[in-house]
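Me: I would like a careful look at one part of this model, with the cut-offs behind each term spelled out, and then an account of the surrounding architecture.

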Amino acid sequence: MNFKFNAEHTFFTSDTHFNHANIIRFCNRPFKDVEQMNDVMIANWNSVIGKDDTVFHLGDFCLGGAAEWTKILDRLNGKIYLIMGNHDLKNIRQGFISRFEHVAMQMRIEIGKKRIYLCHYPFLCFEGGYKDDVWQLFGHVHTRRSNSGIDAGRLQYLYPTQYDVGVDNNNFTPVSFGQVKRIIDKQVEQSKEK
């Protein structure tokens, strides 16, 4: 399988939690109910993702059974690679693996000369983590303003080359390779000033 991707057509997201009503309360999401949350995130997704774009979803895609997964997948643009999250392990159903381009626990991809580790969870260490030329993208921790989750205190230990691509951290919208590059470049610069 080719793990090299085009910078212009590659996007990242995580922790959509489609159909998960309790996530609205857990993460203070600005939605009145799960239908509104699903509709807004699908509209945001399709506003930036074209039919032939590649999307890496870094886990916790959807809750529910076959009907719920089908309803969501049928509405989303792009070729989706699913990096499994803790909720996906219990909720992915027989036959859904074939709806994704690839399903894995983690991946290492290349975009241009940039090596990128993709995992649902932030890594404590990774090959190249001490350099600026290797990134690690993750989800799981639902980074947001006034983040009070159980992992919030640990996030201070991230490398400047790590970034939470989850929807709570990115206006409930997938982010492009270019956006991630600008964010990580800024984080690296800020870390050098300290």
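What is the relative accessibility of Phe-172, and does this residue count as buried or exposed?

Reply: Some conventions come first: this is a predicted model, in which local features need pLDDT of at least 70 and side-chain atom pairs count only at pLDDT 80 or more, whereas totals for chains, interfaces and linings use all residues. Residues are numbered from 1 along each chain as its sequence is written, and side-chain values use heavy atoms, with hydrogens and water left out.

Phe-172 has 13% relative accessibility and therefore counts as buried, a class that means under 20% relative accessible area, with exposed meaning over 50% and partly exposed lying in between (1.4 Å probe, protein chains only). This phenylalanine sits in the loop between strand 9 and strand 10 (175-176), where helices (H or I, at least four residues) and strands (E, at least two) are DSSP runs numbered from the N terminus. Its phi is near 60°, a positive value in a residue other than glycine. Most residues other than glycine have a negative phi. Asp-60 also has a positive phi without being glycine, in this case near 55°; Asp-60 belongs to the loop between strand 3 and helix 3 and is buried, with a relative accessible area of 2%.

Strand 9, which precedes the loop of Phe-172, spans 162-164 and is an edge strand, as is strand 1 (4-5), each pairing on one side only. The open sheet to which they belong has 5 strands in the order 1-6-7-8-9, with mixed pairing; two strands pair if DSSP finds at least two bridges between them. Strands of a sheet pair through backbone hydrogen bonds, either parallel or antiparallel. At one end of the order, strand 1 and strand 6 (residues 106-111) run parallel and are joined by 2 bridges, and Lys-4 stands opposite Glu-110 in strand 6.

Helix 5 (residues 177-193) lies across strand 6, strand 7 (114-119), strand 8 (134-138) and strand 9, and runs at about 115° to strand 8; axes are lines fitted to C-alpha atoms, for helices over the stretch in contact, and angles run from 0 to 180 degrees between N-to-C directions. One residue of helix 5 is Gln-187, which counts as partly exposed because its relative accessibility is 23%. Leaving aside residues up to four places away in sequence, Gln-187 touches Pro-160, Gln-162 and Tyr-163, contact meaning heavy atoms within 4.5 Å. The C-alpha atoms of Gln-187 and Pro-160 are separated by 5.1 Å, although the two residues are 27 residues apart along the chain.

Turning to the interior, the largest nonpolar core has 27 residues, and Phe-18, Phe-61, Trp-69 and Leu-76 have the most contacts inside it; such a core is a set of buried Ala, Val, Leu, Ile, Met, Phe, Trp, Tyr and Cys residues joined through side-chain atoms within 4.5 Å. Helix 1 (21-26), helix 2 (34-48), helix 3 (66-73) and strand 4 (79-83) are the elements that give this core two or more residues, and helix 2 supplies the largest share, 5 residues. A second, separate core of 21 residues includes Ile-83, Met-107, Ile-116 and Val-180.

The whole structure holds 15 aromatic pairs, for which rings of Phe, Tyr and Trp (its six-membered ring) must have centres within 6.5 Å, with planes under 30 degrees apart counted as stacked, over 60 as edge-to-face and the rest as tilted. Phe-18 and Phe-61 form an edge-to-face pair, at 5.5 Å centre to centre and 75° between the planes. This pair links the loop between strand 2 (10-13) and helix 1, where Phe-18 lies, to the loop between strand 3 (54-57) and helix 3, where Phe-61 lies, 43 residues apart. Both Phe-18 and Phe-61 are buried. Trp-69 and Phe-96 have ring centres 5.5 Å apart and planes at 50°, so their pair is tilted; both residues are buried. Ring pairs join Phe-18, Phe-61, Trp-69, Phe-96 and Phe-100 into a cluster.

Finally, a search of the whole structure finds 0 disulfides, a disulfide being a pair of cysteine sulfur atoms within 2.5 Å. The sulfur of Cys-27 is too far for a bond because the closest cysteine sulfur, in Cys-62, is 16 Å away, and likewise the sulfur of Cys-125 is 13 Å from its closest counterpart, in Cys-119.
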